[in-house]
Amino acid sequence: MLYTTGMKVRIEIDTQTFVRFWLVVIGFALAALAIYSARTALIIIGVAFFLALALNAPVTKLASILPGRSRVGGTAIAYVAVVAILGTFIFLLVPPIIEQTAKVASTVPSLIDNAQGQWKGANEFIQKYHLEPQVDNALNSIKDNAAGWAANAGQTVVASLGSIFGLMTSALLVFVLTFLMLIEGPMWLKRIWSVYNDRERMEAHRRLSDRMYSVVTGYVTGQLTVSAIGATCAGLTVFILHFIFPNVPINLALPTAAIAFVLSLIPMFGATIAGVLITILLAFNDVTAAVFFVVFFVIYQQVENNFISPTIQSKTVELSALAVLASVTIGLYVFGVAGGIISIPIAGCIKVLLEDYLARAKERRKKNDKPLHKLVKKMHNEA
């Protein structure tokens with residue numbers, strides 16, 4: 001309650017309202033904490049959901065061809081195809097990665113030798129300005145750090161094995177969840193629509209879900225297409241550079257395509273990160289080839305951003321640059337790389353929901369502004 005006494009204002013809030021307010025605040029805080037604590041599980045479920053949406057169309061088409069329209073059979077065939085493609089890709093990808101890792105490891109000693117050779121030429125400068133104590137301290141610090149790295153090598157290997165095991169477990173969960181979503185998805189949709197008693201409302205919500213489905217599938221398909229085009233062009237460029245610069249190994253083309261494809265799935269930042277990593281790989285083999293790749297990458301990014309991506313992704317999400325940047329930033333910082341990948345389709349779905357809400361609110365205002373409605377409302381108030 002509000003009391004005014006002279007220039008003083010006194011506000012009294014009953015205990016029930018006060019308790020309700022703080023219960024709501026605490027409830028939102030606990031919900032946010034629960035979501036943050038379960039972010040790994042939510043990422044796995046979200047990735048499985050988007051993968052199921054991406055595979056839904058081919059699975060549905062395969063199921064319509066198979067005898068008995070078996071959705072389980074269509075899902076199994078799609079899974080076998082995906083696993084075969086991934087297995088072939090990994091089989092061709094691992095040997096070049098191992099070779100490049102060994103090459104980088106063998107290059108490091110030569111770089112140290114070159115640095116030591118240049119160090120002899122700097123002795124006069126060090127002695128002239130009496131920098132021997134600082135240099136000795138720096139060398140001792142490097143030696144101590146190297147000893148620490150060597151002592152922790154076993155722990156690093158164990159931690160890496162644990163990370164690989166966790167990644168494999170997460171991948172297995174994603175595949176199982178996606179398989180179940182593809183099989184049970186249509187059944188759950190039928191159950192949800194059967195709950196509605198109001199058919200008009202059900203149709204409205206169905207159209208809304210179809211719009212959201214189109215946004216997600218359109219974005220996923222478009223992003224995969226754009227990433228595949230970029231990966232193909234990057235791999236072909238490295239393949240051509242091998243014939244111009246013999247120091248560039250020909251089997252580096254496949255890892256280049258893999259890096260470009262996977263990282264390009266991350267909106268806005270992924271392609272740049274991929275370009276930097278590929279340039280570093282090429283620089284260990286031939287610096288001039290790395291410079292040529294940088295030139296190609298800059299030109300291709302202009303073509304992709306202005307022609308390829310707008311043509312393929314046109315009218316699928318329709319988000320402003322600010323909305324895209326904000327959604328990607330939130331996704332990356334809260335849920336990591338997977339969050340950055342799925343952030344834009346989620347933002348697109350939120351945009352669809354917001355547009356539907358605003359359209360319905362506008363329609364209600366129009367109905368309330370009709371003269372007959374105003375007259376009835378006025379007579380009701382007067383009565």
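How much area does the protein expose, and what share of it do carbon and sulfur atoms supply? The protein exposes about 26200 Å², and carbon and sulfur atoms supply 71% of it (Shrake-Rupley method, 1.4 Å probe; for residues, only the protein chains shown count as cover).

This is a predicted model, in which local features need pLDDT of at least 70 and side-chain atom pairs count only at pLDDT 80 or more, while totals for chains, interfaces and linings use all residues. Residues are numbered from 1 along each chain as its sequence is written, and side-chain values use heavy atoms, with hydrogens and water left out.

**View 1. The elements of the protein are 12 helices and 2 strands.** These are DSSP runs numbered from the N terminus: helices are H or I with at least four residues, strands E with at least two. From the N terminus, the order is β-β-α-α-α-α-α-α-α-α-α-α-α-α.

**View 2. Ser 227 sits in helix H7 (residues 199–244).** Is Ser 227 buried or exposed? Ser 227 is buried, with a relative accessible area of 2% (buried means under 20%, exposed over 50%, partly exposed in between; 1.4 Å probe, protein chains only). Beyond its neighbours within four places in sequence, Ser 227 is in contact with Phe 261, Ser 264 and Leu 265 (contact means heavy atoms within 4.5 Å).

**View 3. Buried residues make up 25% of the 383 residues in the protein.** Of the contacts with a separation of 6 or more, 65% come from residues 24 or more positions apart.
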